[in-house]
Amino acid sequence: MIEDLEQGDVAETVRVFFEQSKSVLPAKKSTLSLQDVDKYLDELSQLTKEEEQQNLLKRVAKRCTANDLKIFVRLIKADLRINAGAKHILDGIHPDAYEAFQATRDLQDVLERVQEQQACGQPGSLDIGISLMTPVLPMLAEPCKSVEYAMKKCPNGMLAEIKYDGERVQLHKQGNTFAYFSRSLKPVLAHKVKQFKEFIPEAFPHGENIILDAEVLLIDTNTGKPLPFGTLGVHKKSAFKDANVCLFVFDCLHLNGENLMKKTILERRKILEKYMTEVPNRVMFSELKHITKAPDLSDMIASVIRQGLEGLVLKDFGSIYEPGKRHWLKVKKDYLGDGQAADSADLVVLGAWFGTGNKGGMMSVFLMGCFDGRRWRTVTKVHGGHDDATLDRLQTELKMTKISKDPSRVPKWLECSKTMIPDFVVQDPQSSPVWEVTGAEFTKNNVHTAHGISIRFPRVTKIRDDKNWETATSLKELLVLYENSKQVFDDGQSSSALSSALSSPSKQSSAQSSPSRQTTTSSNESSPTKPSAAADRPTLTKRSTPNSETTPSKRRKLNGSSDGGSAPAKTESGSVVGLPPATLRPVLAVLSPSLEADDRLRRYIVAYDGELLQPEQLQLATHYVAAPGERVPGRVQRSAAAVVTADWVWDAIKLGRLPPTRPYAP
């Protein structure tokens, strides 16, 4: 069963082994009704002890056929994999029903309002309201990689808010009752928010009913500065004696019976400032600045990064609150200038895990680490940066031994915490490849053994064929990199990198002015018109410096494309050669099942600097690519991802920019 689970579909594994069961035989004919299933699921949601849950599942199994049990498991996992969801059903009930459901997440309320309208015989638009104590999908932000792009998206000016490195919380207050919901609409752990019941009435003396959008984090009471990400954990928090949990409020969606989501951000902010009184180090306004000029935005970005803060969130003066939409912008160090200011290290592959979904049964998540002079220590696990062709090659190129997360089989040369024990370890770390791993920042994560140093949001950006285990980043060098990253651009070299990143033209708005790139696996430069010997190696994105001699017309010739937008030239092995612009850099795409086998589409998304995500990473996706006329799953409709056809990808590549998504709906 364990091996079958490695294929990535637990429900299918349950079905297969239930059919072979001798202790509980599958029913020959289904006797479950929808009401029975609903009753069982309600009962299961109330059980907290594992033994009680197992007893209920046994009762269910005795009434199930193998396929019944498979679907029951998928209901528990909230993914039926049937390519139909809430949008298809609710659109058939009322044109506004799905949008109302996204705002309130209260299906019963939406249906009752539709029925009332139908009973009155007065068809019309449905009020898109929100309900107290029911979470609203949070409004999101897309990555912004230049000042130029920000000013283009917000031509009338913007609110530039500090992006706090805490945990987003949606607070609901109804009289003396409080509820707190996370970014994924789940209840927040009590130890993180229980203190606010005392301070919210003090901060909102005239707020009887409120919905707030905020960030919760620990704040140092001596300095008034926020503490690092992750310190809200119940065990970590105890290590900070002079710190309080603080709520930084940045939006108000509902106040005393009035829905504020249709008001502009400026109007909502004025209401917030009118009704809220700060409680020092407990309930605070988010720090912001009104920006109308590009130099002012550049100065603020530079100041935030030099202070070691996470970044900025930019909101157009006229923007309303749109649940689930990515209409705000976020600026972070690793976004600017195509990652010129990002943190990276050259790490050695030490192990791997099986993937899930369509990557089930193959190594697709990798354990990366460094050498301390005696033993190998773990730094991060990474799954982004490789295309499918690369992953296929790695299955045979990496010399691995399967240990199936067994602590007794971890080799003596590897210093590894229990939670980081992989499915495979390399046979010889001194023969293992070196990869450049880039992320948002160096951070501390105690599950890793390189003095707790790790990389946040890691991705593979280059295979370093020019390096081996001796020239890769050592533990000593990693400590220096970590310390330097925390010096927040005080030194001249880092300041230069920051200035360069801020002044780099936006690839989001103009591919023509973007720096040249080369898709390769070798760190040695080779002619863009003649594939090097490394062309048969796994393909990865490599950044190179701008070449003043490479004009737009030359670039089109090197890419093998004309003004008509024909496809870039390829080697015999199918690798893209030349210098394709990073047009798809902001795109985090999930492909529908019907397109997963489209190797050409996958190759071009990666070649033009997009990133392919697994279906289970849908909550991180910016785009979901489907075939024309294909039914889109409900979980996709509920997500923040824009749903487009493959034509959107091809047109983006031809145009050198991201076109609007609405005309490309399946």
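**Exercise 1. The whole chain**

What does the accessible surface of the protein chain come to, and what share of it belongs to carbon and sulfur atoms?

*Solution.* Start with the model: it is predicted, so local features need pLDDT of at least 70, side-chain atom pairs count only at pLDDT 80 or more, and totals for chains, interfaces and linings use all residues. Residues are numbered from 1 along each chain as its sequence is written, and side-chain values use heavy atoms, with hydrogens and water left out.

Now the surface. It comes to about 31,500 Å², by the Shrake-Rupley method with a 1.4 Å probe. Carbon and sulfur atoms hold 50% of it.

Next, burial. Of the 666 residues in the protein chain, 53% are buried (under 20% relative accessible area; exposed is over 50%, partly exposed in between; 1.4 Å probe, protein chains only).

Finally, count the elements. The protein chain has 21 helices and 27 strands. These are DSSP runs, numbered from the N terminus: helices are H or I with at least four residues, strands are E with at least two.

**Exercise 2. A helix pair**

Find how α7 packs on α8, and name the residues in contact.

*Solution.* Locate α7 at residues 97-104 and α8 at residues 107-120. Their angle is about 145°, and their axes are 9 Å apart. Axes are lines fitted to C-alpha atoms, for helices over the stretch in contact; angles run from 0 to 180 degrees between N-to-C directions.

List the contact (heavy atoms within 4.5 Å). From α7 come Ala97, Ala100, Phe101 and Thr104; from α8 come Leu107, Val110 and Arg113.

**Exercise 3. An open sheet**

Which strands stand at the edges of the sheet β25-β24-β26-β27?

*Solution.* First, the layout. Four strands form this open sheet, with parallel pairing. Two strands pair if DSSP finds at least two bridges between them.

Then the edges. β25 (611-612) and β27 (642-645) each have a single partner strand, so one side of each is left without a neighbour in the sheet.

Look at one pair. β24 (residues 588-591) and β26 (residues 623-626) are joined over three bridges. Ala589 has His623 of β26 as its bridge partner.

Add the helix. α21 (residues 646-655) lies across β26 and β27, at about 80° to β27.

**Exercise 4. One lysine**

Is Lys186 buried or exposed?

*Solution.* Place Lys186 in the loop between β4 (177-181) and α10 (190-193). Its relative accessibility is 55%, so Lys186 counts as exposed. Beyond residues up to four places away in sequence, Lys186 touches Tyr180 and Phe181.
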